[in-house]
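The following report looks at charged side-chain pairs and at one helix. Please keep the sequence and the model at hand while reading.

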Amino acid sequence: MALETIHSAGDAAGLAAMISRAAEQTGDAKRGPAPVERWNPPFCGNIDMEIRADGTWFYMGTPIGRAPLVRLFSTVLRKDEDGQTYLVTPVEKVAIKVADAPFIAVEMIVTEKEGEPRLAFRTNVGDVVEIGEDHPLRFEIAGENNELKPYILVRGRLEALVSRAVMYDLVACGEIVDMDGRAMFAVRSGKSVFAVMPADELEALSQ
């Protein structure tokens, strides 16, 4: 049977079935995220799918309530150098909207190895990553209220926004360190240290 195209799907379940068939044809079914970085299909336009800032996925204006569907879609996401996020199969790619980050970090665990703390996060789509050189943290101050927003690199160029509840746990792990001669509030995981903000700015925010 010929592979149907993503943009012809009339509902989320049909779209999921097409992605599953594409994975099966390349031997990538049930193996976690697909090797989308190795695929170079033609661009086939936009699709009416959006990931909202709270991590909720919408298709044709309707939230996708089934977690397995969302998980499946997440395994074929790719963010390219143009800053656009796509659903990608071996035969085509289509653009979707992402309001902030495609994933949300919903749980954090702190362990210790060789006397050093190790931070690991679980995302809303089931990815588990340990913070370090391959999965760095970055921090932004955004919005009118100077909101602190931590992001984790999950894979490729795809990031997870740390949820508000988990962010408080993350900040509780912070410490003041000297970085290039300046006191910085930072978070450590293994050998990696990630600056949150200058220590004097943190003090001003807390007043």
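## Salt bridges and helix α2

E116, R118, E130 and K191 are joined to one another in a network of salt bridges, a salt bridge being a side-chain nitrogen of Lys or Arg within 4 Å of a carboxyl oxygen of Asp or Glu. In total, the structure holds 16 salt bridges.

The model is a predicted one, in which local features need pLDDT of at least 70 and side-chain atom pairs count only at pLDDT 80 or more, whereas totals for chains, interfaces and linings use all residues. Residues are numbered from 1 along each chain as its sequence is written, and side-chain values use heavy atoms, with hydrogens and water left out.

Three of the salt bridges, with the distance between the closest N and O atoms or from N to O, are listed here.

| Basic residue | Acidic residue | N and O distance |
|---|---|---|
| R52 | E50 | 3.4 Å |
| R71 | D127 | 3.6 Å |
| R182 | D200 | 3.6 Å |

The salt bridge between R71 and D127 links distant parts of the chain, since R71 lies in helix α2 (residues 67-74) and D127 in the loop between β8 (116-123) and β9 (128-130), 56 residues apart. Helices (H or I, at least four residues) and strands (E, at least two) are DSSP runs, numbered from the N terminus. R71 counts as partly exposed at 25% relative accessibility, while D127, at 8%, counts as buried; buried means under 20% relative accessible area, exposed over 50%, and partly exposed in between, with a 1.4 Å probe and protein chains only.

The side chains of R182 and D200 also meet in a salt bridge, and this pair likewise links distant parts of the chain, with R182 in strand β14 (residues 182-189) and D200 in helix α4 (residues 199-206), 18 residues apart. R182 is partly exposed, with a relative accessible area of 42%, and D200 is partly exposed at 47%.

In the salt bridge of R52 with E50, R52 is partly exposed at 34% relative accessible area, and E50 counts as partly exposed at 25%.

Returning to helix α2, its buried residues are L69, V70, F73 and S74. These residues cover an arc of only 135 degrees around the axis, and therefore they sit on the same side of α2, the arc being that of the directions from the helix axis to the C-beta atoms. A67 and P68, by contrast, are exposed on the other side of α2.
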